[in-house]
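The following exercises concern the packing of secondary-structure elements. Each task is followed by a worked solution.

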Amino acid sequence: PKCYYSFSVAKKKGNKYVEEVNQIIRGLWMEHKIGTERNERKPLFHILDKRNYDSGHCYRGINRWLTALYPDISFITKDSIEKRGLTLPDDAEGLTVVAWVMPKLTKEEKKLPKKERDALMKKKHPFMVTHRIYAANTIPGLDPKDFPEDKNTKTFESIDAFVKATGVVVKEGGNKSTYAWEEDIIHIPRHQQFDTEEDYYRELFRMVALAANNKSRLNANEKKYQRGKKYGRESLIAEFASSYICSKFGIEPDDKVIQELNHWFNALDADPHLLVSAAQQAEKILDYYFKC
């Protein structure tokens, strides 16, 4: 006879900050959907490399997507505004973003030997909070700032050069786009079968994002590439990542990412960290393709 162990896993609990971000994303999605229905189409993503005014660092993860829906280039916190002796306008429209905070050692823990302190810090995990940021160009008296290009970011002469650099094989033909995990091959319909060249590249970038998780690249779990919810989650991650790749080459992302978000909103009650974690996973794909 076989012996089996049974166990239960506690339902993933929500956190007020995660839920707040989820509500913000829902609101932005509804705003875009209503605008589309009224033929008041807005660009889904203006520029994805939005920066913190003080540090000059790009917003990453879910913050990349929260700031992307605003035309402003850089953002600043209220504390930073006040430290400069400036005043936040009463009508300033703030944007909520996520911040990760690393727990600190207690007074008693600080008294322990270094080896024990290090072991304790390894067991501690960062937790998420939210804070408000404001468009830097709306703050009276705040000097405009130019941000140099990140030296660690790869540049490509063309889309074809980028696709070639990924190492994945692209074969045109058929009527459906698929990524074959074992063969590491993208199958995509021919250019002529798409309405526009941009539509072709949008679809190609989705497949390229999926290919990033191959064992020869990020080495993600192959079991994720199966039908069902796990595969669907990978599709959501690919939508986030492909939208960024589109913006890199001056192609406006289509509404498919919005459709993917809509599909997953119902799953947020069971897993409130879904969108936040999907955006974090998308960052790994972006780093793999665009960081030196």
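**Exercise 1.** Determine how many bridges join β6 to strand β7 (residues 185-188), and in which direction the two strands run.

*Solution.* In this predicted model, three bridges join β6 to β7, and the two strands run antiparallel. One residue pair to inspect is T178, whose bridge partner in β7 is H187. Next, place the pair in its sheet: three strands form an open sheet in the order β5-β7-β6, with mixed pairing. The edge strands are β5 (169-172) and β6 (178-180), each of which pairs on one side only. Neighbouring strands of this sheet are turned by 25 degrees against each other on average, direction ignored. Finally, α7 packs on the sheet and touches β5, β6 and β7; the direction of α7 makes about 155 degrees with that of β7.

**Exercise 2.** Describe how helix α6 (residues 159-166) and helix α7 (residues 197-211) are placed relative to each other.

*Solution.* Begin with the axes, which come within 12 Å and cross at roughly 20 degrees. Angles under 35 degrees count as roughly parallel, and α6 and α7 are therefore roughly parallel to each other. The crossing in which α6 passes α7 is left-handed. Then list the contacts: I159, D160, F162, V163 and T166 in α6 meet Y201, L204, F205 and V208 in α7. By class, this contact has seven nonpolar residues, one polar and one charged.

**Exercise 3.** Identify the strands that pair with strand β4 (residues 127-135).

*Solution.* Strand β2 (residues 74-77) is joined to β4 by three bridges and runs antiparallel to β4; F75 stands opposite A135 in β4. Strand β3 (residues 94-101) is joined to β4 by eight bridges, again antiparallel. Within β4, V129 is the bridge partner of A99.

Key:
Residues are numbered from 1 along each chain as its sequence is written. This is a predicted model: local features need pLDDT of at least 70, side-chain atom pairs count only at pLDDT 80 or more; totals for chains, interfaces and linings use all residues. Side-chain values use heavy atoms; hydrogens and water are left out. Axes are lines fitted to C-alpha atoms, for helices over the stretch in contact, and angles run from 0 to 180 degrees between N-to-C directions. Helices (H or I, at least four residues) and strands (E, at least two) are DSSP runs, numbered from the N terminus. Angles under 35 degrees count as roughly parallel, over 145 as roughly antiparallel, 65 to 115 as roughly perpendicular and the rest as oblique. A crossing is left-handed if the near helix is turned anticlockwise from the far one by less than a right angle, and right-handed if clockwise. Contact means heavy atoms within 4.5 Å. Ala, Val, Leu, Ile, Met, Phe, Trp, Tyr, Cys and Pro count as nonpolar, Asp, Glu, Lys and Arg as charged, and the others, Gly among them, as polar. Two strands pair if DSSP finds at least two bridges between them.
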